[in-house]
Amino acid sequence: MYFFRKQYRALTVPSNLLWEEVMKEWQASPWFHRLQRNLLLLLQVLILSLLMFALVKPYTTEDLKKKDHVIILLDTSATMNASQGGVSHFELAKRDIHSLIKKSEGDITLLAVGNSITTVVSEESNDQVVFNRLKNISVTNDHEDMEKALRLGEALGKGSSSVVHVYSDSLFKADYKDETIHTPIRVHNSIPHPKNVSLTSFGVEKSGTAYKGVAVVENQSDELQSGTIVIYDDKKEVISNRLKIGAGKEAVIPLDELPSSPVLKAKIDFQDDYRGDDIITSVQATSKPAVLVLGEINPFLLKGFQSLGVNVKTIEENQLKTGDDIIVTTKEKWKELSIANPVLIIPGPSDKSTVLTTDMEVKGDDPLLKHVDFEKVFVEKAGSIGIKELDTAAQSGSVPLIQNGERNGAKMVVLNLHLTDTDFPLHPGFPIFLHNAYQHLSEDGGFIGYFQPGEGRTVPLAPGDWDIYSGDGEFIKKSDQGDWFKAPLAPGVYQAVQGDVTKYFSVVLDDREKKPGGEAFSLEPTEENGEEERETIPQTLSSWFLVLAILILFIEWEVYRRGNRV
């Protein structure tokens, strides 16, 4: 545009009347006309420079602004049932969380913390969704894994822009003085000093023909407490004692002449803030019978049972007593026994052996061979044991290899092979077979075992549906998951019923859930050596250069327009 601008020539004119207005404008802004000759060129060079800068895409960096993120950890353990004024700590915590969410402007992540950690909502921006999910959280009565939850909460946070809020009664600031903190932590405790008297233990044992017991009661408060302890036998009161326990003291209460009963319950009654640890039940049955070894038994077999966590004892014949313990012995020793305990029979060292010449036949649905793959086992010789009353799970021709069933009211398993004549102990299915045999032989025990609230594990239950009842006879649920069993959440004694068979089990609190407390405190991020790595985001300047170029283009047009008027 500069090179094609209008060129002027000097001419002589008869009059300058027509130029008076132009001259007046020239005199009014002489600086403009002095620059006019070179201004178009300068403006065009400036526009070109701005366009070149825009093409290069220059940028600046600035700190990345992080969105606020509130991470809430809600303790669902048993001690959160402690209450004051008729409202539990758990409900008070939920109210506080509700208020916190209303005030928060960032996303919400809510975790329910028990023995396992459940993500209720994750980075949720809709408060109503969080409120609805919060309403459905309930106490699980197990022990909280708060250490793991705090690590997860810090990992979910994004530095100082996030905050971890913990609602629990199990944390103390002194436990974290040496910890490295990356995200601010706020611990809330609505009942920091609950008054509690705990029934810490209750046990019963048989002494001769009588039953004796002992109970231990601890006063965890700062003042003298008075109350009672009552022992019940099937809903009937057996013993009642008045107690006075000093502050911070414990009382040991001997209990003599207790009745013979499958279940005895101890209950304390004090005016305290936590009732979850007021009851303990004692079930008079063996939950995990021992394995009694009689005679010469291959050490592979004994090591296999020990790997299952079973108590293995080697005894003499005169030490045997009738009961639920499982006997492992040889055929000759078994014939000499006069008791009806469950028994696993194997061939003795001197028993005759039969060389197997035909392929094995395996009964696939037999519970003894579940997950065992016995078809892959090599067996060179078999023993001479064969009991007609028992069912055969595996055989070679007419020679039984594995049998199970009952005889004279006692459960039996026969492993009719010498372990030195087979590679069975080298197979991964060998310990599984021993586990199945142990579960089968211990199935007649009237007590399934002790469980933590909500705990699931394998138990020796016959296949089929089992009805679960509380100690008061109230139907709880139906269990139909085979040998996998999940306990109810509420502590107490329960019955598993299938037809005429009744088995007891007990749900007990973790000992750590018998002492509520904790405190409220805050933890700030720990200062670390070295400069903290800054997260930045590039901010391009190209758009600004383009805007300036367009603005200068309009200025140049105005300069050109005025120049044409001259």
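**Notebook: helix packing, ring pairs and one loop residue**

I began with helix α6 (residues 299–307) and helix α8 (residues 429–441), which pack at an angle of about 70° with their axes 9 Å apart. I therefore recorded α6 as roughly perpendicular to α8. The model I am reading is a predicted one.

I then listed the residues at this contact. From α6 come Phe-300, Leu-301, Gly-304 and Phe-305, and they meet Phe-430, Leu-434 and Tyr-438 of α8. Sorted by class, the contact of α6 with α8 has six nonpolar residues, one polar residue and no charged residues.

**Second helix pair**

I turned to helix α3 (residues 89–103) and helix α4 (residues 127–135). How do their axes cross? The crossing is at roughly 175°, and the axes come within 10 Å. The two helices are therefore roughly antiparallel to each other.

On the α3 side I noted Lys-94, Ile-97, His-98, Ile-101 and Lys-102; they meet Asp-127, Val-130, Phe-131, Leu-134 and Lys-135 in α4. I divided the residues of this contact into five nonpolar, one polar and four charged.

**Aromatic rings**

I looked up the aromatic pairs next and found nine in the structure. For Phe-485 and Phe-505, the ring centres are 4.9 Å apart and the planes stand at 75°, so I entered the pair as edge-to-face. This pair links distant parts of the chain: Phe-485 belongs to strand β30 (residues 484–486) and Phe-505 to strand β32 (residues 501–507), 20 residues apart.

Are these two rings buried or exposed? Phe-485 has a relative accessible area of 0% and is buried. Phe-505 is likewise buried, with a relative accessible area of 0%.

Phe-505 appears in another entry, with Tyr-494. I recorded these two as a stacked aromatic pair, 5.4 Å centre to centre with 10° between the planes. Tyr-494 lies in strand β31 (residues 492–498) and Phe-505 in strand β32, so the pair ties together parts that are 11 residues apart in sequence. I checked burial here too: both Tyr-494 and Phe-505 are buried.

I also noted a cluster in which ring pairs link Phe-374, Phe-424, Phe-430 and Phe-433. Phe-430 had already appeared in my list for α8, where it takes part in the contact with α6.

**Charges over rings**

I searched for charged side chains placed over ring faces and entered two cases.

- Lys-265 lies over the face of Tyr-232, at 5.2 Å from the ring centre.
- Arg-457 lies over the face of Phe-451, at 3.9 Å from the ring centre.

**A loop residue**

Where is Asp-222 placed? I found Asp-222 in the loop between β10 (210–219) and β11 (225–233). Asp-222 has a relative accessible area of 76% and is counted as exposed, because the cut-off for that class is over 50%. I compared its position with that of His-193: the two are 29 residues apart in sequence, and their C-alpha atoms are 9.7 Å apart in space.

**The chain overall**

I closed with the totals. The secondary structure of the protein chain comes to nine helices and 34 strands. Of its 566 residues, 44% are buried. Among contacts in the chain with a separation of 6 or more, I noted that 67% are between residues 24 or more positions apart.

Methods
Residues numbered from 1 in each chain as written. Predicted model: local features only at pLDDT ≥ 70, side-chain atom pairs only at ≥ 80, totals over all residues. Heavy atoms only, no water. Axes fitted to C-alpha atoms, helices over the stretch in contact; angles between N-to-C directions. Helix = DSSP H or I, 4+ residues; strand = E, 2+ residues; numbered from the N terminus. Parallel < 35°, antiparallel > 145°, perpendicular 65-115°, else oblique. Contact = heavy atoms within 4.5 Å. Nonpolar A, V, L, I, M, F, W, Y, C, P; charged D, E, K, R; others polar. Phe/Tyr/Trp six-rings, centres within 6.5 Å; stacked < 30°, edge-to-face > 60°. Buried < 20%, exposed > 50% of the residue type's maximum accessible area, 1.4 Å probe, protein only. Lys NZ or Arg CZ within 6 Å of the ring centre and 35° of its normal.
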